[in-house]
Amino acid sequence: AGECTACPAGSACSTGSVDPTPCSPGTFAAKEGQSKCESCPPGTSSNQGSVACDACEAGHYATNAGQGLCVPCPKPLSSAYGSVTCSFCMDDYYLRNTSADPDDIFKSPTEYCKPCPPNADCPRNTTREGIIVLRGYWRASSSSSVLTKCGTFGGDDDAGLKRCVGGTSSGTDGSGYCAPGLHGPECQLCRGNQYLVDGEECVDCPAQGRKLLDPLLLGLGFCVAVGVAAYLYKKRSWRERRYIGPPLRLADRMVTLHSLLGMQAKFKLLLSFYQVVVVIPTIYGVALPEKYTEWLDGITEVISPSNWMPIPCVSYVALLLPYVFTPLGLALFLLLVGVGMGFSQWRALPAPRPLPHRAVAAGLLEVLPATLILIYCFVPPINAYIFRFWRCKLYTTSEPGELPIEYNEVMVEEPSILCASEEHDSIFRRYIIVSIVIWPVGSMALYSSLLFACYKPLHAKLRTALTRASALLHQDYETQ
């Protein structure tokens, strides 16, 4: 009789077997002499005649015991080495809900795994919170997949790349994506008593007192200079003097040329165009083509309050108030000068003198043209700056498609303030209403009242002291 040989590993031999039977796929026999093959555990598989089971490769799974092959994960899912299911997202996708049950993720993969947003990196097994934001981009919260390209803010094209360094941690309100020393929306705010220069560098804020005093002194000096010029121009007898005469005669020729060319109407059209250019982006958020705006940028830069003191160094309100009240103070100063002139002329009259109200009214009419020009020039930029209070930029903090939509809306002029917040509403109640009453409403009321007072003389084609003083408002129009 022949001898029985031990059944080799990777096979099984029942009683009386002549030849060993190789283990079928999904089973194995680790030792020799096995009467039956064992099933591979979940997360593994084996080929025919295997002595051990191989763990499923990443991106594959085996839910049941005894599987001969690991099944590829359905797109866009993936798995770890030796997985029994596919519970996270593959490359270029992210898991939107980390608290979801793995079975739910497997049953509805496209509901939970979303494509990686543009300008981000999503390696395998990325969650929404772990999205890698690329340099030059920013997001408001780790709960949002909406990325914002960091603006230049007065710098070159690389300014946003230098401020927004990206990464995986959002930190507080997106500050984790910012370079050291920066925070806030698009990393545009400097920490401490500093402000952003050229879109990338934080420098110390200047002394506030001197910077805020400069425009006041400049405006006062301008008014004094205009007043002196107007006083000299009215001295008809000085035209023949040796030194002052030539400039006065030149001024006469310039005034005549100004009238012949209709420069006042052209100036008003230009100012109206400037107002449109300034207001359209502020109110409607629409950028006009550069060829229409680049030559006005210099004017805007000179008269902008941020040229006095950068917004991060002082608040929007701290710039709004001098911007609103400085021209108003200059206008009132001119009117007081007119009152003083009229009263001085009244005092020079021989006794018995009449009541001074006529002389004071005449003095006011003397300075009214200059006052109207001053107001007319300041109305467009001041109105635009007032209405920038409502210019806000929205940053989504929730997932697209999720309801309700969550977002942060910040003031463009002062990004540290959230629009529609209590602080924002307080500024409106305490300062914006007053500013609107003074300038948009007040200027229109002033123009309307003057034109109403001139209505009858203009229709009767009579030249009165008031129609001459308010000529800026009606001189370029014909009465019907």
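Is Cys164 buried or exposed? In this predicted model, Cys164 comes out at 0% relative accessibility, so it counts as buried. That cysteine is half of a disulfide, its partner being Cys150, with an S to S distance of 1.9 Å. Cys150 sits at 6% relative accessibility and is therefore buried as well. The torsion about the S-S bond is -105 degrees, making the link of Cys150 and Cys164 left-handed. As for the backbone around this pair, Cys150 is found in the loop between strand S17 (148-149) and helix H3 (159-163), while Cys164 is in the loop between H3 and strand S18 (182-183), so the bond ties together parts that are 14 residues apart in sequence.

Stepping back to the whole structure, a search turns up 12 disulfides. Two others are worth a look alongside the Cys150 pair. A disulfide is, after all, a covalent bond between the sulfur atoms of two cysteines.

Take Cys116 and Cys122, which are joined with 2.1 Å from S to S. Here the angle about the S-S bond is 75 degrees, and the link of Cys116 and Cys122 is right-handed. On the accessibility side, Cys116 has 17% and still counts as buried, because the cut-off for that label is under 20%. Cys122 has just 1% relative accessibility, so it is buried too.

Then there is the disulfide between Cys190 and Cys202, at 2.0 Å from S to S. Its torsion about the S-S bond is about -90 degrees, so this one is left-handed. The pair links distant parts of the chain, with Cys190 in strand S19 (residues 189-190) and Cys202 in strand S21 (residues 201-204), 12 residues apart. The two ends get separate labels: Cys190, at 7% relative accessibility, counts as buried, whereas Cys202, at 22%, counts as partly exposed. The 20% cut-off explains the split, because buried means under 20% relative accessible area and partly exposed starts above that range.

What about Cys454, and how far is its sulfur from the closest cysteine sulfur? The closest one belongs to Cys377 and is 20 Å away, too far for a bond. The reasoning is short: a disulfide needs the two sulfur atoms within 2.5 Å, so a separation of 20 Å rules out a link between Cys454 and Cys377. Cys454 is buried, with 1% relative accessibility. Cys377, by contrast, is partly exposed, with a relative accessible area of 28%.

Notes: Residues are numbered from 1 along each chain as its sequence is written. This is a predicted model: local features need pLDDT of at least 70, side-chain atom pairs count only at pLDDT 80 or more; totals for chains, interfaces and linings use all residues. Side-chain values use heavy atoms; hydrogens and water are left out. Buried means under 20% relative accessible area, exposed over 50%, partly exposed in between (1.4 Å probe, protein chains only). Helices (H or I, at least four residues) and strands (E, at least two) are DSSP runs, numbered from the N terminus.
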